[in-house]
Amino acid sequence: MSNIATTKVVILLTIFFSINSFSASVNDVVSNGSLAQQKVQELTRLLENRSKLLVNLQNEVDQLSQTVNTLTGKNDLLNYKLSQIETRQRTILLTISNLQAPKTKQKNNVAPINGNQTEQSAYQAAVDFILKSKDYDKAISAFTAFVANYPKSTLVANSYYWLGQLYYKKQQFKNAQQSFAEVVNNFSKSAKRSDAILKIGVIDETLGDVPSAKKAYNKVLKEYPNSSPAELAAKRLKELR
């Protein structure tokens, strides 16, 4: 074979192997491109799944928050209704006591003036200003007059508690706190005392006096550990930490 022929063969072989090598390189690029595309698709799916998960978690958090708010509102309403029931029970007991008390004979057939009945009527009138007419200013005046006129009444503690609630509703926090303090300091056996301590803490917290608020909440937990006010006090303490 001549040198020219040999050279041609070498050139042809070189071109052939170059074409094969280029084809292999192209296949590698295509293969790598497909792999990269698969990874991109997997990452996209992962991101989509993560986004959906975050949305679902946020929805669950929103639902839980709404449930907590609803339960808190129901608890407050229940406490208010229990307060009304206690007030009505005391009124009924006073009425029964009055009916059972012996009546004093009066000349000229004049009906006797019963002090307890007057006391009961005065208290009930004050309560009616709240529950019926929603006239809180008149209710404040009526309860203030009641504690002044009947300082020995078993309803004085309740009257001070009502005054605290009314002043708090009118955002007269100092007056509210003083009224609740009357219950706490002077009526150790009152059913309203635990809630009065709690309300003093709430007012302190509202006014920005966090140390005093914590002191009041801890007092509720210490003296009334198994009560509903203690549960609320524990929750508020947790939020303040």
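What percentage of the 241 residues in the protein do buried residues make up? The answer is 26%, where buried means under 20% relative accessible area, exposed means over 50%, and partly exposed lies in between (1.4 Å probe, protein chains only). This is a predicted model, so local features need pLDDT of at least 70 and side-chain atom pairs count only at pLDDT 80 or more, while totals for chains, interfaces and linings use all residues. Residues are numbered from 1 along each chain as its sequence is written, and side-chain values use heavy atoms, with hydrogens and water left out.

On to the overall layout. The protein has 8 helices and 0 strands, so to speak a run of α-α-α-α-α-α-α-α from the N terminus on. Helices (H or I, at least four residues) and strands (E, at least two) are DSSP runs, numbered from the N terminus. About 16,900 Å² of the protein is exposed, and carbon and sulfur atoms supply 57% of that area; accessible areas come from the Shrake-Rupley method with a 1.4 Å probe, and for residues only the protein chains shown count as cover. Take the contacts (heavy atoms within 4.5 Å) with a separation of 6 or more: residues 24 or more positions apart account for 48% of them.

Now for the inside. In soluble globular proteins, nonpolar side chains tend to be buried together. A nonpolar core is a set of buried Ala, Val, Leu, Ile, Met, Phe, Trp, Tyr and Cys residues joined through side-chain atoms within 4.5 Å. The largest one here has 37 residues, and Tyr123, Phe143, Phe180, Leu198 and Tyr217 have the most contacts inside it. Two or more residues come from each of α2, α3, α4, α5 (173-186), α6 (193-206), α7 (210-223) and α8 (228-240), with α4 giving the most, 7 residues. As for Tyr217, its contacts beyond four places in sequence include Leu198, Val202, Ala233 and Leu240.

Next come the rings. Rings of Phe, Tyr and Trp (its six-membered ring) pair if their centres lie within 6.5 Å; planes under 30 degrees apart count as stacked, over 60 as edge-to-face and the rest as tilted. That rule gives 7 aromatic pairs. In one of them, tyrosine 123 meets phenylalanine 146 edge-to-face, at 5.5 Å centre to centre and 65° between the planes. This pair links distant parts of the chain, since tyrosine 123 sits in helix α2 (residues 115-131) and phenylalanine 146 in helix α3 (residues 136-149), 23 residues apart. Tyrosine 123 counts as buried because its relative accessibility is 1%, and phenylalanine 146 is buried too, with a relative accessible area of 1%. Phenylalanine 146 also pairs with tyrosine 150: the centres are 5.1 Å apart and the planes at 40°, so this pair is tilted. Ring pairs join Tyr123, Phe143, Phe146, Tyr150 and Trp162 into a cluster.

Two smaller side chains fill in the picture. Serine 159, in helix α4 (residues 156-169), counts as buried because its relative accessibility is 0%. Leaving out residues up to four places away in sequence, serine 159 touches Tyr123, Phe143, Phe146 and Val147. Its side chain also reaches the backbone oxygen of leucine 155 at 2.9 Å. Alanine 122 belongs to helix α2 and is partly exposed, with a relative accessible area of 26%. With the same neighbours left out, up to four places away in sequence, alanine 122 touches Phe146 and Tyr150.

Key. Polar contact = N/O pair within 3.5 Å; in protein donor to acceptor, adjacent residues only side chain to side chain.
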